[in-house]
Amino acid sequence: MTNAYDIDFNDLQGLLRFAHGQLSEACFLLLKVIDPKAARDWLRTAPVTTAATANPLPERALQVAFTAPGLRALGMPAAVINGFSEEFITGMVADDNQSRCSEDVGNRSRRLGDVGNNKPACWKWGGAEANIPHLVIMLYACLDGLDAWQEQIQGPGFDNAFQLTATLKSALPGPQEPFGFVDGISQPEIDWQRSISTDRHERDRYSNKLAVGELLLGHPNEYGLYTTRPLLDPKSTPAAHQLPLAEDQPKLRDLGRNGTYLVVRQLEQDVPRFWKYVDGEANSDAEERERLAAAMVGRQRDGTPLVEPDSAPATGNADDGPRAKADQFTFDADPHGERCPIGAHIRRANPRTGDFPVGVSGMLTRLVRTLGFGRRHAHDDLIASARFHRILRRGRVYGPALTPEDAVKADATTDERGLHFVCLGASIVRQFEFVQNAWAMSTRFAGVSRQSDPLLGNREPLLNGEESNQFTIPQPDAPARCLKDMPQFVTVRGGAYFFMPGIKALQFIASDPSEGG
Amino acid sequence: MIPQSIFTITANIASGKEEGLRELLTSMNQAPGVADPRNTLLPFYQFGRLHGARFVIIEANTNDDLRAYGVEPGQWPPTLGFIGDIDGASDIFLAELAVRAGAGLRRIFAHCEGFDAEQTDLLAWMKRHNRRAIANYVNWRGRTVVQIREEFALGKALREQVLQVTKEEGSSDPRFVHRRLGEFVDKEIAAGRLSLSPPEPTPPGWFIGNIAHLIALPLVLMALTPFIVIGAPFFLIRLRMLERSAPENLLRPSREHVRNMAMQEDFDVTNQFNVFGQIKPGRFRLYTIRSLLILVDYAVRHIYKRGFLTRIQSIHFARWVLMDDNKRAFFATTYDGSVDSYMDDFINKVAWGLNLIFSNGVGYPKSRWLIKGGADYEEKYKRTIRRAQLPSASWYNAHPGLSAVDMARNGSIRKGLELANPSTSELRDWLRLL
């Protein structure tokens, strides 16, 4: 049976459904619009990859997304742009700093941890107003196919329309990120069929299924609501006729529908520094080195989580295959972090919490916990429910690979390498920014102190001088082990917020604004 | 135990003096909106009983929203608010303020109507302008500034020492570690490097008053039960009628407004937050919010006084003050984390509690039965609250870098240390805190 909720995958960009894993080469072109008309003409016929399934799998792919200045440059009226979320409009480097302020960054940068060495003034792109890209074109191709694909895309018409400001070229991806850990295991499973309830009474425990509106604008999110996006009245904007109807307001057309926001951050990873630090803490014992690094990440290098797997997969997950097994766990049975430290990277990135803390089993316990009683330990119920703060990751690594064994050597190469972090979601503030601020960079995540994310932390001290460069590894029946004076391993080199439109919305963006009146 | 109290001094700003006042208050700051504790105008750091204080220029930015209800909004002149959270009685603290910071305060209050920098008796004036809060939440009743500082120092020293003990003595047996650390602390106290002041006696007047309050409200409620039972259906019918017809705010806060607040947020783990808005018109809403705030005050005074307010563990202080002949409400709080995570926490954990109070405010998202809906409309809620929010002109926090959870943990560390004969599981829990 088909219903009104069926997703039109032909209207979605492919990246929302697929990671293009079979396409091992990728590069992201950061562009400025130099001729709006030529740019619109090019975009109208751009070979954008959709989310419809294809057999055989495509051999190349192209996705496109725009920043707010980019939409402006293409001629979109301010009134329409103002329908997007505030953080998209003001951008990743929303500037509210005053000269009186000692740290020369704005509030958003403070929240994202983009201070100290991470501060936008030092970024390669996106940091200053002048080098915020207008759009990103993401190209993916099979092995040895990228050059030809790029040449074809940057053909006639392209150079008249756009100016290339930077190319983020990815390395051949293995399953590992540059530090050497298998990455990308935990991903939300999008509930395309709208099969799960978002009702608060039915979501006590962690589920990996995520309401489609947490990814796609114009569909109900985990609150059962529609996230803010521009809705247009076709009476005043005739060109809006080509857009899908707004599901919640059928008289209006939905520019956001089937689109999403895209966060791109260039994260440089100092691999030798990471492994040398860990090696030092391990007194150069290779086994201990692995153990400490795994504690910081929360997984062993092959992706095996440090906590015991659950007997059954979380709702929404497959129950076989190695990836499914590596994702089949919560931290419910490890409240003190004695298996996986509380501050470990994967615990911060996705604490796998439900709407209620562990132990709610009926009306009475529910009421007791709702009123705040019955906490089981000092740090019980400090972490928000995960389902409102999930992100879909589509990052790609860059730079030459370096094994941990080579990284600890004195002459380890120091080429730049890292991650082009890419994530998708319908609410930047509630998803990416929340995860980054309240979980990853927070020095108070789940009651920890003197530390932020062991991988991502900027190690900047707090206002009262307290350090943030430690990492606590709780031990059963003994005082916790504490790693100190951790240097910064990851440095932000660039970033921006984009809107990745649906296919019809892209056609609208690429249509002449003067025609629609 | 020394109970905490608050002061809320408000006064109209004299016409033409608002700009000058803003400049003066800004001169106290080390970062936007964040006071330098050692500023010369009001050297906050000198006040050993002051947890936090702030100056807010209370403006009715959302005044016109009342028109949606068919009611012409009244005037609200720009008002200076000076609020603080303290240990002990507020009158004593105000006297201390007048003595130690008289000159600076005079300069500030000289921007207010009816205050003469030369003539006015500062203390009498402050007392006269000190308003009563209808509800007041304190994260941990009885925990003084001194205690927080002493326990912070204790926690810090023990964290260092515990590693030393296990390394040098080669044993991490919990009972052994506990004993050794106890000896260490005794030595540090004797050497004057640590200090753990015993709790001060509870003021008898406060103690009796508190017990009377504990008993009185249930008695009154019991006496009123027949009326409540008879009245409830009428109340609920009227409530639903009003809830259905109440207009909602659909506007976003302006970019500039958000900027003014964002500019002063997130310099530290703790942030400040002020909201000022109108109560929905009519006596029904007024009586509802007053009754509910009295119940909230009862709950926070007698139940939620040990580190949590329902599921929320990140609020240091919060107060509700009715103003303008009960037509407006002012809410001010100090909390941990960024404003977005604070609002998310509330929406996902206590939307019902927010709705109870704030659904009586103009523009609040549609509520049902007083506890449903409302804050469940996540984005509408956040916008409405953020729109009604006011920046602080200058905010002082005596405990930078300390979250409410940190304070509770340091308190537990001390409690565990002082246990004469702890059980094995108590010892294990205690070691985890380090």
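These are my notebook entries on the chains, the contact between them and the nonpolar cores of a predicted model.

**Chain A as a whole**

I began with the secondary structure of chain A, and I found 15 helices and 15 strands in it. I then looked up its radius of gyration, which is 23 Å and thus close to the 24 Å that the globule rule gives for 517 residues, so I note chain A as being as compact as a globular protein of that length. Along the principal axes, I have the C-alpha trace of chain A spanning about 70 × 60 × 55 Å. For burial, I noted that 52% of the 517 residues of chain A count as buried. I also looked at how its contacts are spread along the sequence: among those in chain A between residues at least 6 apart, 70% join residues at least 24 apart.

**The contact between the chains**

I next asked how many residues each chain brings to the contact, and the count is 43 residues from chain A and 46 residues from chain B. On the side of chain B that touches chain A, I listed the helices that each supply at least two residues, and these are α5 (145-169), α6 (174-190), α8 (255-262), α10, α11 (378-388), α12 (404-418) and α13 (424-433) of chain B. Of these, α10(B) gives the most to that side, with five residues. Sorting the side of chain B that touches chain A by class, I obtained 19 nonpolar, 16 charged and eleven polar residues.

**Helix α8 of chain B**

I took α8(B) separately and asked which of its residues are buried; they are B:Val258, B:Met261 and B:Ala262. These residues cover an arc of only 95° around the axis, which puts them on the same side of α8(B). I then traced what the buried residues of α8(B) pack against, and I found elements of both chains: α4 (86-90) and α5 (107-112) of chain A, together with α11 and β12 (389-390) of chain B.

**The nonpolar cores**

My last entries concern the largest nonpolar core, which has 220 residues, and within which A:Val136, A:Leu139 and A:Phe498 have the most contacts. I checked which element supplies the largest share of this core, and it is helix α10 (residues 339-358) of chain B, with ten residues. Apart from this core I noted another, of twelve residues, with B:Val165, B:Val177, B:Trp430 and B:Leu431 among them. Returning to A:Val136, and leaving out residues up to four places away in sequence, I recorded that it touches A:Phe28, A:Leu29, A:Leu30, A:Ala65, A:Val264 and A:Phe498.

Key. Residues are numbered from 1 along each chain as its sequence is written. Chains are lettered from A and ligands numbered from 1 in the order in which they are written. This is a predicted model: local features need pLDDT of at least 70, side-chain atom pairs count only at pLDDT 80 or more; totals for chains, interfaces and linings use all residues. A nonpolar core is a set of buried Ala, Val, Leu, Ile, Met, Phe, Trp, Tyr and Cys residues joined through C-beta atoms within 7 Å. A residue is buried if 20 or more other C-beta atoms lie within 10 Å of its own, exposed if 12 or fewer, and partly exposed in between; C-beta atoms are placed from the backbone. Helices (H or I, at least four residues) and strands (E, at least two) are DSSP runs, numbered from the N terminus. Two residues are in contact if their C-beta atoms, placed from the backbone, lie within 7 Å. Ala, Val, Leu, Ile, Met, Phe, Trp, Tyr, Cys and Pro count as nonpolar, Asp, Glu, Lys and Arg as charged, and the others, Gly among them, as polar. The radius of gyration is taken over C-alpha atoms; the globule rule is 2.2 Å times the number of residues to the power 0.38. The arc is that of the directions from the helix axis to the C-beta atoms.
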